[in-house]
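Q: Please take a close look at the nonpolar interior of this protein. I would like to know what builds it and how far the model can be trusted there and elsewhere.

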Amino acid sequence: MAASLRNNRDFRLLWMSGLFAVLGTQMTALALPLLVLRETGSPVQAGAISTVSVTAVLITMLPGGVMADRVERRRLMRLCDLGSFCAVGALVVAVWSGHVPLPLVLLGAGAGAVIGSLYGPAAFGLMRSVVPPDDMGTATARLQARTSTARLVGPVIGGALFGLHPVLPFLAEAVGLLLSTICVALVRTRSRSEARAGSAFSKTELTAGLSFLWRLPYLRTVLLVFGLGMNFAFGALTFTALTVFSGGGRSGLGGGTVVTFISVGALTGALLAPRLRPERHTWALITATCWFCVASALAMAWVRVPLFAGLLCAACMCLSTVASIGFLSTLLTVTPGDRVGRVQSAAGFLSSLVQPFGPLAGGVLLTAYGSRTTFGAIAGVLAVSAAIVTFAPSARPGPAAPEEPPASDGIPSGPEAADAAAARPVPAARPVPDATPAQPVPDAPPASATAGGIPTDRTGAGSPRP
């Protein structure tokens, strides 16, 4: 499979396109809030960038999936790259001139989120056309490894460039977007779904992906448990760990250790996934991930060593990343070609709904009851999710025929529905985001949101890349 992908010219171009763009977005994800803090001195205004981005992603995620299923996907990706370049270019001009108005920054953040909601589903749809089904798991793992690496080095490079001159991180992203556009333009494969009659943004079209997922009991259960319960609890867990082991913000070493180990765990999981073939061990991986998270939360309640907490968080992230890669590769394989965008966006929408509230809940509990009780409460929520995954019949992989949908709701019937029902989807757990389904990801600055299986690497202008 590795040799097959090495000889796959279009996949190599997509991989390089994402590398240029993701590295750029990671550099400016740190530089943008620093820029606002430098210009205004207000943490509230700096935090507004993430709020605008997350809100725009949630609003545009489902319509973005519809557009990705309506337009030729390679062309849509090129337009998104050009739109991102224009947004970043405006910031470059503003920073170079020495005047950066907050409305321009917020407009760039919102535009980047909207563009990302279009780009992500289109890229996944194109990758389905480029990569054979047997290579999908390996391809997904390589995309995730690329993104995890960019997340490790991007903020460091961005911070260093910002220290030299504030315009440099944004200029570097603009160059990366140009290179990304060239790579996409060189892709020979075209990916267009069948044209549909009727309104592109009707209720039927917007909910087609959700309906497809809901009619498969296994996918429905796993997305609700991992996309909602686990995302919420893991966000609370990582935020609590970051707060506790940084001494309430007094020491950057302890908190930095936790965040670094989480990133290393994601990268390790992406590198291990091709060897483990997670699509063949779905239930075991889901169960192990859930119960290990429970044990980790309980252990952190009693052991106050940052290195130990970092190792536990890294192991949780490694397990969830492997399961997440298996989920995405299976989802891309079993989804009908004309619904890839909507189904992928729907999965991300479900996974993103409660994610911003996990850190908030962790902070409230930590303030009211202290660290030990907070870790215990988080362990309780994780244990409920683990119990559902362990004992619910619908959480075990296997054929499950969905109900026959009405012919007009855009959901496959007949052979397509049977093929999808016979598939063995693998669960998602955040996040993150770059070519992965939702999986637990730390809510640490700079804030990030998951866009359906696509970690949204952007808190400013530009577009995230799977």
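A: What follows covers the nonpolar cores, then the cysteines, then the confidence of the model.

This is a predicted model. Its largest nonpolar core has 34 residues, and F245, M300 and L382 touch the most other members. Five helices each supply at least two residues of this core: helix 10 (217-245), helix 11 (252-276), helix 12 (282-302), helix 13 (306-334) and helix 16 (371-391). Helix 10 gives the largest share, 12 residues. Another core, of 26 residues, lies apart from this one; L14, V130, V184 and L332 are among its members.

As for cysteines, the whole structure contains zero disulfides. For C290, the nearest cysteine sulfur belongs to C293, 6.9 Å away. C290 is buried, at 0% relative accessibility. C316 is also in no disulfide; its nearest cysteine sulfur is that of C293, at 3.6 Å. A disulfide requires sulfur atoms within 2.5 Å, so the 3.6 Å between the sulfurs of C316 and C293 does not qualify. C316 is buried, with a relative accessible area of 1%.

On confidence, the protein chain has a mean pLDDT of 76, with 79% of its residues at 70 or more. Among its elements, helix 7 (residues 168-186) has the highest mean pLDDT, 91, and strand 1 (residues 449-451) the lowest, 31. Across residues 399-466 the pLDDT is below 50, although this stretch has 281 contacts in the model beyond near neighbours in sequence. Where pLDDT is low, the predicted coordinates should not be read in detail.

Notes. Residues are numbered from 1 along each chain as its sequence is written. This is a predicted model: local features need pLDDT of at least 70, side-chain atom pairs count only at pLDDT 80 or more; totals for chains, interfaces and linings use all residues. Side-chain values use heavy atoms; hydrogens and water are left out. A nonpolar core is a set of buried Ala, Val, Leu, Ile, Met, Phe, Trp, Tyr and Cys residues joined through side-chain atoms within 4.5 Å. Buried means under 20% relative accessible area, exposed over 50%, partly exposed in between (1.4 Å probe, protein chains only). Helices (H or I, at least four residues) and strands (E, at least two) are DSSP runs, numbered from the N terminus. pLDDT is the predictor's confidence in each residue, from 0 to 100. Contact means heavy atoms within 4.5 Å.
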